[in-house]
Amino acid sequence: MIEYRNLRIAVLGAGSVGAQVASLLLTHKEELAGRVGAGLELVGIAVRDLDAPRTAELPRELLTTDARSLILGADIVIEVMGGLEPAREYLELALTSGADVITANKALLATHGPELFAIAEQVGAQLYYEAAVGGAIPIIRPLRDSLAGDRVNRILGIVNGTTNYILDRMDREGDTLEQALAIATELGYAEADPTADIEGYDAAQKAAILSSLAFHTTVPLESVHREGITSITHDQVLSAKKGGFVVKLLAVCERLVDPETGEDGVSARVHPALIPATHPLAAVHGANNAVFVEAEAAGPLMFYGAGAGGVQTASAVLGDLVSAARRHVVGGPGVAESTHADLPILPISRVSTRYQITLAVVDLPGVLAQIATLFAEHGVSVEAVQQTVGGEPGPDGHTPGATLVIGTHQATEAALAATVADLAGSPVVERVESVLRVEGL
Ligand code: NDP
Ligand code: HSE
């Protein structure tokens with residue numbers, strides 16, 4: 001057997017993920033070398049502060065604040081620093097200097113992915129990012145390789161652990177959003193500033209990555225419709241539960257026919273949604289993630305597991321490292337990003353789904369008929385109506401005459417928005433309590 005020279009590995013970042021990547025790489029050096037057919041030599045770890053505490057013991061002499069020199073001497077660069085800059089600049093430097101690159105940085109990929117993939121292709125380098133979506137869960141490689149011969153029609157993903165933890169506590173422990181967020185912060189799931197998680201930014205970045213990959217089309221982050229969970233109330237979760245649903249923050253990526261042009265298109269959106277309690281995604285508890293993929297030939301597939309955590313995420317990074325290192329040893333072109341389909345990205349107004357609308361109404365003869373007429377005028381078909389006398393008092397303390405929970409058949413967002421605007425202006429409607437999309441039926 002030909003002895004291959006050691007491959008020089010640089011790690012950028014030694015935080016939650018980076019410290020575990022470096023530690024596992026040092027601990028399993030021999031075993032990984034056996035799998036790759038070459039030694040994997042960790043040549044350095046770039047950090048900002050040489051004296052910062054680490055979650056794993058790392059040889060002090062490997063730490064450096066000179067990321068650029070480290071990159072220039074490496075065959076493979078692992079970026080686990082996070083942020084847009086200097087991460088983008090470092091990856092560009094790594095690719096143009098001939099190194100393969102591995103990153104866990106979804107913010108960077110969702111924002112600068114196309115330009116980094118273009119550089120990689122130009123210079124014949126590889127860019128791997130299994131850890132960027134769903135932490136330890138293998139989802140990038142299945143979409144890029146295993147399902148490359150199939151046609152993915154839809155992805156429903158629980159891709160943010162913090163919000164799943166919060167919604168799960170609201171559902172199973174009866175917490176308010178504020179109580180659940182406080183516990184998520186105490187346990188270290190939510191950051192001190194939880195905006196990226198609870199406002200859906202983190203999930204939107206992951207939706208941009210998943211939809212680009214699944215539909216062979218560049219889906220920019222700005223085209224992902226985003227709503228967070230901050231408007232979800234304890235009462236909504238409770239009433240969803242009574243109706244046989246759970247509330248989840250979903251990333252929905254789908255192939256659609258544009259209702260205006262009849263052409264194929266794609267859409268990506270992140271928002272809270274009701275899913276039936278019997279759907280596999282309803283069983284995703286705590287901070288776990290899951291990605292439910294509907295492919296034409298394969299049918300439904302579900303990928304489930306730890307969506308975050310230092311050591312769990314390090315598993316995905318090291319999987320990429322073995323792939324990248326093997327390619328160095330055996331050669332070959334590796335995998336390329338495919339954007340050949342280049343489908344139009346449809347705005348949220350052209351997306352169709354089902355809805356559940358809760359209205360506080362006056363309790364008088366003819367009210368139901370007036371409300372049904374408003375739905376009919378916008379072509380929104382009502383599937384089910386449930387009425388209860390009374391309801392929750394509004395902000396003014398007034399208890400409504402009745403509460404209506406109306407489920408619709410598929411309707412476009414545009415038609416639904418117009419219906420809701422008319423409902424809000426109707427003299428028989430005291431309040432539109434909530435409008436939630438229903439997925440997974
Ligand atoms: P941390 O904040 O814990 O660690 C970041 C590390 O990068 C630190 O060691 C920091 O150095 C170093 N660093 C930051 N900026 C620079 C810089 N300019 N030059 C040199 N070093 C720098 O981040 P995580 O480990 O949590 O996350 C890393 C990446 O992995 C992010 O992109 C994140 O989105 C992604 N990810 C994280 C997951 C998780 O569970 N944590 C899950 C999936 C993906 P110092 O320590 O000296 O400050
Ligand atoms: N903040 C993210 C989450 C970490 O809660 O899922 C992984 O991207």
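Let me begin with a term: a polar contact is a pair of N or O atoms within 3.5 Å of each other. With that in mind, please look at ligand 2 in this structure, which is a predicted model, where a nitrogen atom of the ligand is 2.9 Å from an N or O atom in the side chain of D197, and that distance falls within the cut-off I just gave.

Staying with ligand 2, there are two further polar contacts to point out, both involving an oxygen atom of the ligand. In one of them the partner is an N or O atom in the side chain of K206, at 2.7 Å, and in the other the partner is a polar backbone atom of G161, also at 2.7 Å. Taken alone, ligand 2 exposes 260 Å², and the protein buries 81% of that area.

Which elements give two or more residues to the shell around ligand 2? They are helix 7, residues 161–172, and helix 10. The residues around this ligand are K106, N160, G161, T162, D197, D202, K206, G307 and A308, and when they are sorted by class, 1 is nonpolar, 4 are polar and 4 are charged.

Let me now turn to ligand 1, which has 21 residues around it, and among these A14, V17, D49, R54 and G309 come nearest. The polar contacts I would like to show here are made by the protein backbone: a backbone N or O atom of R48 lies 2.9 Å from an oxygen atom of the ligand, a polar backbone atom of S16 is 3.0 Å from an oxygen atom of the ligand, and for G15 the corresponding distance from a backbone N or O atom is 3.1 Å. On its own, ligand 1 has 910 Å² of accessible area, of which the protein covers 78%. The shell around ligand 1 is made up of 10 nonpolar, 7 polar and 4 charged residues.

Next comes the interior of the protein. In soluble globular proteins, nonpolar side chains tend to be buried together. In this model, the largest nonpolar core has 76 residues, and those that touch the most other members are V77, I139, L143, I155, I166, L210 and V293. Helix 10, which spans residues 201–215, gives the most to this core, with 9 residues. Why does the core lie between the two domains? The reason is that domain 1, made of 4–135 and 311–330, and domain 2, made of 140–306, both give residues to it.

I will finish with some details of the backbone. Where is the cis peptide bond that I would like you to find? It joins E85 and P86, with omega at about 5°, and P86 lies in the loop between strand 4, residues 76–79, and helix 4, residues 87–96.

Then there are H216, with phi near 50°, and D342, with phi near 45°, each of them having a positive value in a residue other than glycine. H216 sits in the loop between helix 10 and strand 8, residues 225–226, while D342 is in the loop between helix 12, residues 310–330, and strand 13, residues 352–361.

Is H216 buried or exposed? Its relative accessibility is 18%, so H216 counts as buried, given that buried means under 20%. D342, by contrast, has a relative accessible area of 59% and is therefore exposed, the cut-off for that being over 50%.

Notes. Residues are numbered from 1 along each chain as its sequence is written. Chains are lettered from A and ligands numbered from 1 in the order in which they are written. This is a predicted model: local features need pLDDT of at least 70, side-chain atom pairs count only at pLDDT 80 or more; totals for chains, interfaces and linings use all residues. Side-chain values use heavy atoms; hydrogens and water are left out. A residue is near a molecule or strand if one of its heavy atoms lies within 4 Å of it. A polar contact is a pair of N or O atoms within 3.5 Å; within protein, one must be able to donate a hydrogen and the other to accept it, and residues adjacent in sequence count only if both atoms are side-chain atoms. Accessible areas come from the Shrake-Rupley method with a 1.4 Å probe; for residues, only the protein chains shown count as cover. Ala, Val, Leu, Ile, Met, Phe, Trp, Tyr, Cys and Pro count as nonpolar, Asp, Glu, Lys and Arg as charged, and the others, Gly among them, as polar. A nonpolar core is a set of buried Ala, Val, Leu, Ile, Met, Phe, Trp, Tyr and Cys residues joined through side-chain atoms within 4.5 Å. Buried means under 20% relative accessible area, exposed over 50%, partly exposed in between (1.4 Å probe, protein chains only). Helices (H or I, at least four residues) and strands (E, at least two) are DSSP runs, numbered from the N terminus. Domain bounds come from an automatic or database domain assignment.
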